[in-house]
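Hello,

Here is the structure I promised to pass on. Have a look at it first, and my notes follow underneath.

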Amino acid sequence: MGKKSKKPGKGKEKTERKTAKAEEKRARRESKKLSPEDDIDAILLSIQKEEAKKKEVHIDENVPAPSRRSNCSLTVNPLKDTELILYGGEFYNGSKTFVYGDLYRFDVEKMEWKLVSSPNSPPPRSAHQAVAWKNYLYIFGGEFTSPNQERFHHYKDFWMLDLKTNQWEQLNLKGCPSPRSGHRMVLYKHKIIAFGGFYDTLREVRYYNDLHIFDLDEFKWQEIKPKLGSMWPSARSGFQFFMYQDQIYLYGGYYKEVSSDKSSSSEKGIVHADMWSLDPKNWEWNKVKKSGMPPSARAGFSMCVHKKRAMLFGGVVDMEMQGDVMMSLFLNELYGFQLDNHRWYPLELRKEKSTKVKSKKDSKQEPPSSICNDKVNAIEEEASGMDDKDLISEYDGEASYEESNIDEMSENMVENLTIDDDRSIKSASVPPQSKSKTIFNYQDSVSPEVIKPCGRINACMVVGKDTLYIYGGMMEVKDQEITLDDLYSLNLSKLDEWKCIIPASESEWVEASEDEDDEDEDEDDSEDGESGHDDEETDDDDDDAEGTNDGPGSLQMGDAVALIRGEGKNLRRKEKRARIEQIRANLGLSDSQRTPTPGESLRDFYNRTNLYWQMAAHEHTQHTGKELRKDGFDLAEARYRELKPLLDELAILETEQKAEEAEGPETSSRKRGKKRT
């Protein structure tokens, strides 16, 4: 049989109708997304016109601290190591995204901010990179996001700021890297080395692993391409890049992998935890093996270098809870990486010793001959060669005495706590006089309100004059993204305590209306039906996974107890479970080496974790033998005292939560909302 002939024009008309319908649907969708304020080209053109009106540099002295932001750059002024230079960043309030192009200079001695306004300044951006050399600050790349986050513009411009005159200059040079953000740059002698990053459009996301070198003497860009058969890091963004002597180190990063299945366009996020070293003499990469106690895989952490040590802070880990619920845990751990022997270790703050202990220590110094060449290995051999009972026998009397006091204090704290409206914890009554001495000593040595930065991602972290500074970043509280504006410092010579220079201000969150949520949800559903679904592992796609910090500030020990005792009874079961896990993460309770188990005594806790605490103490004191065991015990004791009241409350909450779950399943009509990636 021959092929049936079609009526003339029918097929063409049908195709035209389908095309017109598709175009109409696309135009309707685009008209919803693109409003005048979201037209990036128009916004950038307007900014450029405003910049053209500036004729001279204007400096506002002693201005208020910068607004909350993340993905900004913070650089130590090479001409003055007590001045920090902050540029750019972004802020999301639940409804709109604001991208900044302001430049601040902060004097850490005078505690004063200066706001610098200059003609011919770069357009606003975030996720860029900044490097300081001589009297210049160099900035490359970054991104500009439309207020509704539907449009992105990636920069490939290269700028130079004269720190003496505050004048900007754009460097239009050949061979510049392609547009990107999330890349990293580091200074090596007279060269800027740039690697990686990503480029995001509405249709695709590209990740890079290219290596570019900018010569500051010759003002030339050069791309270094891998040699045949050589090792090379995979494409990524959000990693950390740092330099020590004649080696450049790369650690971690993030990459979004698209499924090869043609029937769907699903993708998942991959969090890297590998480390590489780059030799700038021949531009060859080599993998660095993990040793010591490395941090768990995480994204969005910050790193910087001080002398022979690199330091890592923060990051986020996505955990899959029961019922396919994903929860993001924002960490505030501090790790050290020894650059001369490539060993990881946790950085614990030193416990301040009493005058009596100091005098005893001074009178009993071990001879220098007792120090081994490989000190860390000596710790391990020493710990493994001793009986656990011998390891803490000299502290048995002290430990048992203080353990009974801790139990008494825990009871008093629980019974006598009152919760103010601002969630601060105060004592409701004075303890009996017979216990006043014990409680006084406890509060002097370890305060329940320990000052420490809260967990966060995309924070700025620099070292200036032996002091570590951490500024801003982002965290999640329930289904809200909280952008921070706090500033913390830590003396790296003492490593004794965090200082809060600027506390976090109150968060501003604009709740989307239900109508907008419904429209977004319907639109997402229709688009998912056309183009597949997103199976990204590292994004929090379920609103049931709610964070549990109740403010942008540090989660204090008393606050955690208040959260458990005051609010735990009103929470849904999934929320209660998520809250328990978040509190555990924020206080480092997920690490068994740093956390006592339920009912564990101080003696048993140290007996189980002595190697961990001795390694942490060794990085501070470089002691060995009996003194090192004493230092390790002091750290373990401080941690035990800090956590004991909270662990008691957590045990009660977990018991109640398990009992509720055993009663039967919980039903909920809560609607799933749209979550920002």
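To start with the whole chain: 49% of the 677 residues of the protein count as buried. Please keep in mind that this is a predicted model. The protein has twelve helices and 33 strands. Among the contacts in the protein with a separation of 6 or more, 65% are between residues 24 or more positions apart. The accessible surface comes to about 33,900 Å², and carbon and sulfur atoms make up 48% of that.

A word on confidence before the details. The mean pLDDT of the protein is 75, with 62% of the residues at 70 or more. Two stretches deserve some caution. Residues 363–448 have a pLDDT below 50, although in the model this stretch has 107 contacts beyond near neighbours in sequence. The pLDDT is also below 50 over residues 666–677, where the model shows 30 contacts beyond near neighbours in sequence.

The part I went through strand by strand is an open sheet of five strands, with antiparallel pairing and the order 1-7-6-3-2. Strand 1 (58–63) and strand 2 (73–76) each have a single partner strand, so they stand at the edges and one side of each has no neighbour in the sheet. From one strand to the next, the twist averages 20°.

Which residues of strand 6 are buried on each of its faces? On one side they are Leu 103, Arg 105 and Asp 107, and on the other Tyr 104 and Phe 106. Strand 6 (residues 103–107) is largely enclosed by the rest of the structure, because five of its five residues are buried.

Strand 6 also has a partner on either hand in the strand order. With strand 3 (residues 83–87) it is joined by five bridges, the two running antiparallel, and here Ile 85 stands opposite Arg 105. Strand 6 and strand 7 likewise pair in the antiparallel sense, over five bridges, and the bridge partner of Arg 105 in strand 7 is Lys 114. If you want one residue to click on in the viewer, Arg 105 is a good place to begin, with Ile 85 opposite in strand 3 and Lys 114 as its bridge partner in strand 7.

Four residues lie between the strands in the hairpin of strand 6 and strand 7, where Met 111 takes a positive phi near 60°. Further along, strand 7 (residues 112–117) runs antiparallel to strand 1, and four bridges join the two. In that pairing, Asp 60 stands opposite Leu 115.

Happy to talk it over whenever suits you.

Best wishes

Methods:
Residues numbered from 1 in each chain as written. Predicted model: local features only at pLDDT ≥ 70, side-chain atom pairs only at ≥ 80, totals over all residues. Heavy atoms only, no water. pLDDT = per-residue confidence, 0-100. Contact = heavy atoms within 4.5 Å. Pairing = 2+ DSSP bridges. Axes fitted to C-alpha atoms, helices over the stretch in contact; angles between N-to-C directions. Buried < 20%, exposed > 50% of the residue type's maximum accessible area, 1.4 Å probe, protein only. Areas by Shrake-Rupley, 256 points an atom, 1.4 Å probe, with all protein chains shown as cover.
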